[in-house]
There are 2 protein chains.
Amino acid sequence: MLSIGDLSRRTGVKVPTIRYYEQSGLLEATARTDGNQRRYGEAEAEKLGFIRHARDLGFSLDAIRALIELQDHPDRSCAEANALARDQLAEVTERIRRLQALERELQRIAEGCDGDGTAGSCYVLRSLADHGACETEHS
Amino acid sequence: MLSIGDLSRRTGVKVPTIRYYEQSGLLEATARTDGNQRRYGEAEAEKLGFIRHARDLGFSLDAIRALIELQDHPDRSCAEANALARDQLAEVTERIRRLQALERELQRIAEGCDGDGTAGSCYVLRSLADHGACETEHS
DNA sequence: TCTTGAACCTCTAGTGACTAGAGATCCTAC
DNA sequence: GTAGGATCTCTAGTCACTAGAGGTTCAAGA
């Protein structure tokens, strides 16, 4: 049996985060020692690994809850899991698109200023004051 | 003079957000009517536009506070504004890089499953359980 | 068996940048 | 004068944790 610290080292999820996951119903309350300390088995370690991986991929805890629900009912259609993955993918793609617009804009702004002048004539500050000067359509 | 609603329509910043900015010291407390309602002039509208634009570009409120400080002291060196812009750019670039790794991974996962099977044999769920299967180094 | 001290426990509060809602007051157009 | 939309303050909620206080338990060494 693993203590919460063992589990943390194994999965790379911090101890308070594990407790938080239990509290928010993502992990079930687990076995305890006589002294009230949590003990985990292999199944729990795997489940936390799943959660960790899904979090790394940007899934919200709500989405992960839905995925776990599906995992627990292997007879159900996996269409939902598929949809969740595709939604997540679409969101990531969109975020990349918007960040790239920002990147271009920030590049333009940062390159217009060498940091030598005074704030009064600073191109960075002027650019921030004037959205109209933007070349790309950011948000 | 503009009411808070007018200002909101003009800048695209929501009314509660404007009040929140005032409360957190980003905007100074402004003139009020006898009935205690906020009234704004051109200068405030411009400042809020600046904040809005910087937020759109991903600057934190703390960074924006620093930028406003600089704006208010036009005689200071603009090196700091330049550094803030470059920091922000570096962060955006890094976020894009990480999101692109996620995108590739999610693409792989989503494409492995057509949503036709059952959860028990779902490629999405299996992929999420097994980080080892990942092809790119995400997070 | 006793004693350290690291690891564990619960609980509350804080983070950032808002957002939502309650309940009261104000402003403006008719 | 009145109706009702806009505004006011205040508190609490969001997400996914993180930090800290104050107390208890566990495991290894003497």
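## Two chains and a DNA strand

In this model, Thr17(B) puts an N or O atom of its side chain 3.2 Å from a phosphate oxygen of DNA strand C. Keep in mind that this is a predicted model.

Chain A reaches the backbone of the DNA too. Gly5(A) does so with a polar backbone atom, 2.7 Å from a phosphate oxygen of strand C, while Arg32(A) uses a polar side-chain atom, 3.1 Å from a phosphate oxygen. Here are these phosphate contacts side by side:

| Residue | Protein atom | Distance to a phosphate oxygen of DNA strand C |
|---|---|---|
| Gly5(A) | polar backbone atom | 2.7 Å |
| Arg32(A) | polar side-chain atom | 3.1 Å |
| Thr17(B) | side-chain N or O atom | 3.2 Å |

What part of the strand does the protein mostly meet, sugar and phosphate or bases? Sugar or phosphate accounts for 88% of the strand C atoms within 4 Å of the protein, and bases make up the rest.

Around DNA strand C there are 18 residues, and the ones that come nearest are Ser3(A), Gly5(A), Arg19(A), Arg38(A) and Tyr21(B). By type, the surface near the strand splits into nine polar, five charged and four nonpolar residues. As for secondary structure, helix H1 (4–11) of chain A and helix H2 (15–23) of chain B each bring at least two residues to that surface. H2(B) has the largest share, with three residues.

Now for the protein–protein side of things. Chain A and chain B each put 57 residues into their contact. Putting the two together buries about 4,500 Å², and 72% of that comes from carbon and sulfur atoms. Within chain A, the residues that lose the most area to chain B are His53(A), Leu106(A) and Leu128(A), which together make up 15% of what that side buries.

How many salt bridges link chain A and chain B? The count is zero. Polar contacts are another story: 22 residue pairs across the interface qualify, with both partners at pLDDT 80 or more.

On the chain A side, four elements each supply at least two of the residues that touch chain B: helix H3 (42–56), helix H4 (61–71), helix H5 (79–111) and helix H6 (123–129). H5(A) gives the largest share, 21 residues. Sorted by type, this side of chain A holds 27 nonpolar, 18 polar and twelve charged residues.

How values were computed
Residues are numbered from 1 along each chain as its sequence is written. Chains are lettered from A and ligands numbered from 1 in the order in which they are written. This is a predicted model: local features need pLDDT of at least 70, side-chain atom pairs count only at pLDDT 80 or more; totals for chains, interfaces and linings use all residues. Side-chain values use heavy atoms; hydrogens and water are left out. Contact means heavy atoms within 4.5 Å. Buried area is the accessible area (1.4 Å probe) that two parts lose on being put together, summed over both. A salt bridge is a side-chain nitrogen of Lys or Arg within 4 Å of a carboxyl oxygen of Asp or Glu. A polar contact is a pair of N or O atoms within 3.5 Å; within protein, one must be able to donate a hydrogen and the other to accept it, and residues adjacent in sequence count only if both atoms are side-chain atoms. Ala, Val, Leu, Ile, Met, Phe, Trp, Tyr, Cys and Pro count as nonpolar, Asp, Glu, Lys and Arg as charged, and the others, Gly among them, as polar. A residue is near a molecule or strand if one of its heavy atoms lies within 4 Å of it.
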